[in-house]
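Colleague: Please take a close look at a single part of this model, the second largest pocket, and tell me what surrounds it.

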Amino acid sequence: MRRSRAFIPTTKEAPSDATLPSHIFLARAGFITQVAAGLYNYLPLAKRVIRKIENIVNEEMAKVGAQEVELSFVTPADLWAESGRIEKFGKELLRFKDRKNNLFVLGPTHEEMMVDLVRNRVTSYKNLPLNLYQIKTKFRDEARPRFGLMRGREFIMKDAYSFHASTEDLDREFEAMEAAYKKILTRLGLDFRVVEADSGAIGGSGSKELMVIADSGEDTIAICSKCEYGANIEAASRSARGSIPEAPEADFNKFLTPDTKTIDELAEFFKVDPYYTVKCVAKRVVYEDESEIVLFFVRGCDNLQEVKALNATEALDIVDVTEEELKEIGLEPGFIGPLDQAKAKHVIDSDLKGATNMICGANEDGYHFIGVNMSILDDVAYFADIAEVNEGDICPYCDGELSFTKGIEVGHIFKLGTTYSKPLKAEFLDENGKSQPFIMGTYGMGISRLVASVIEQHHDESGCIWTKETAPYMVNIMISNIKDEAQVEAGETLYEQLQNANVEVMLDDRKERFGFKMKDAELIGFPYTVIVGKELVDGNVQLFDRATKTKESMSVAAIFDKLMELI
RNA sequence: CGGGGUGUAGCUCAGUAUGGUUAGAGUACCUGGUUUGGGACCAGGGGGCCGAAGGUUCGAGUCCUUUCACCCCGACCA
């Protein structure tokens, strides 16, 4: 491509609302333009990068036997009513009516559509397993789209769906897909981690997220210092503590503790480690038609993990409560303890099961119990893992320590089981001629988010640094002075040579100054730029490496072979 | 959906407290010239329903009302 003919509107200044490097540079370098909140146009350079990522995805999917399809973007609302997700998704589903007044939604994900496609067409175990995928625009009417391509309303996702006759076969496919996803991210040149994840509303027996490591990531992940363990903080677990602080030995007693409402005050009052205190976090949990106050108890040194808490209650949502609401049902904020089970439902963190020498609220203004042995609650209380892991906690699988890092969720794979096949009545006949719902898996990967992720990990102050597998063009030939006929000729010759060798090459033949064109090349981030300039009088050109920003001189005769060797 | 902010040239922004010539700068763009190794210089030029609607006023980018859009923090996020 000739730069003089290319549609690459680069700018010196970034849009004022861009904060992430990926957003700033993709906009400045002429890859994307914003249309409305969460909506972007992909310009020629972006389109090329997207196609490269898609090609890699297609190659890896082919290797695991997945077949590409493309389902309609506009989907009948009926299907969403059938699965029950028309309510669950709520406003994120963009709904509209056609001229015949039928209700449709823009597809935010395609479980329903894919199940509908397969049901009644695949009807025998003999035709299983089956893995179908597509790469397609999705639309979710997010309350707050942000960060450029990172969280758009319209985005490109690769979504795969697998159908099986047994959970064992699903397990096999799940592992194969995880391996394929790792391969894709490795090929893209990304530093990532596969972590255990909360399965959320979609349900199923397990899920993993593929996280690209980046400070700008919206998710916090806990990773082990020794082994492969990693988990989204929403799902992270830990081993029992290695070193336990010295216990405050005391007989069970009620103790006057005026004005000690917080854990800090309580620990200070008794001079004990917060480990031996019981923290109460009161929340209102919301079900479909009703809501109630639930008291969550964790050790004073821990915090409540709300996603875990939500899972423990099987509610739809968890919201805060006010002190007034607590007082209304006879609770004493600051002094709430687990020994009174009458006023509200309790959920106690499993780490407190059987704990001894504990201090907890006495449900009476100004009093705490000391010397509490939690095992008296074993038969009456509901225990669940609801505490958030802390940095420094021990890995659940080895003796390594957990530390936190930020990640961008670029993939999420689920073992769905029959979550969708059952309500949608998608069944096959097994060996015994018996009707069974499909055992399913679903595997998502954010293609447009991957574009942004590459730049989050590969950029510097000058702009983008595309990896070889993602670069829109591998080589940029920059003719320093377009009025110098010798330079033009040398540049054109190399351009033709590289094109004939099927190298993706850009020829910067614009009538601009050297500095302008270099800045532009750095901003766009071509892996290599050949500078045809002042050294040509000695028969030399320079090879500029974008990643290292170094220039190397070599003869005109040698440059072609050198490039072919590098790419 | 709560809280906050911003809408003026393609882009980044002044101007709005206190209403008053023909609405500005930088950048980008066009023409001519000089220049050609790190986003050049000189000269000339095109480009605006000052987000939209209504109102107050002799007069509104500026004041009032309504509305829309976009952004930020939070909630939400298969």
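Modeller: For the classes used here, Ala, Val, Leu, Ile, Met, Phe, Trp, Tyr, Cys and Pro count as nonpolar, Asp, Glu, Lys and Arg as charged, and the others, Gly among them, as polar. On that basis the lining of the second largest pocket holds eleven nonpolar, five polar and four charged residues. The model is predicted, and the pocket encloses about 390 Å³ of space. Its lining is made up of 20 residues. Those nearest the centre of the pocket are Lys-261, Cys-280, Pro-333, Gly-334 and Ile-336. By the class rule, Cys and Pro are nonpolar, Lys is charged and Gly is polar.

Several elements take part in the lining. At least two residues come from each of α7 (263-270), β14 (278-286), α9 (323-328) and β19 (358-361). Of the contributors, β14 gives the most, with six residues.

As for the surroundings in the chain, the domain assignment of chain A places residues 253-388 in domain 2, while domain 1 covers 21-237 + 404-455 and domain 3 covers 475-566. The contact between domain 1 and domain 2 takes six residues from each of them. The C-alpha centres of these two domains lie 38 Å apart. Between them, domain 1 and domain 2 bury about 460 Å², with 52% of it on carbon and sulfur atoms. On the domain 1 side, Asp-198, Ile-233 and Glu-234 lose the most area to domain 2, together accounting for 72% of what that side buries.

Key. Residues numbered from 1 in each chain as written. Chains lettered and ligands numbered in written order. Predicted model: local features only at pLDDT ≥ 70, side-chain atom pairs only at ≥ 80, totals over all residues. Heavy atoms only, no water. 1 Å grid on protein atoms, 1.4 Å probe; cavity = no way out; pocket = protein on both sides within 12 Å on 5 of 7 lines; lining within 4 Å. Points joined across faces, edges and corners; volume = space filled by probe spheres on them. Helix = DSSP H or I, 4+ residues; strand = E, 2+ residues; numbered from the N terminus. Domains from an automatic or database assignment. Contact = heavy atoms within 4.5 Å. Buried area = accessible area lost by both parts, 1.4 Å probe.
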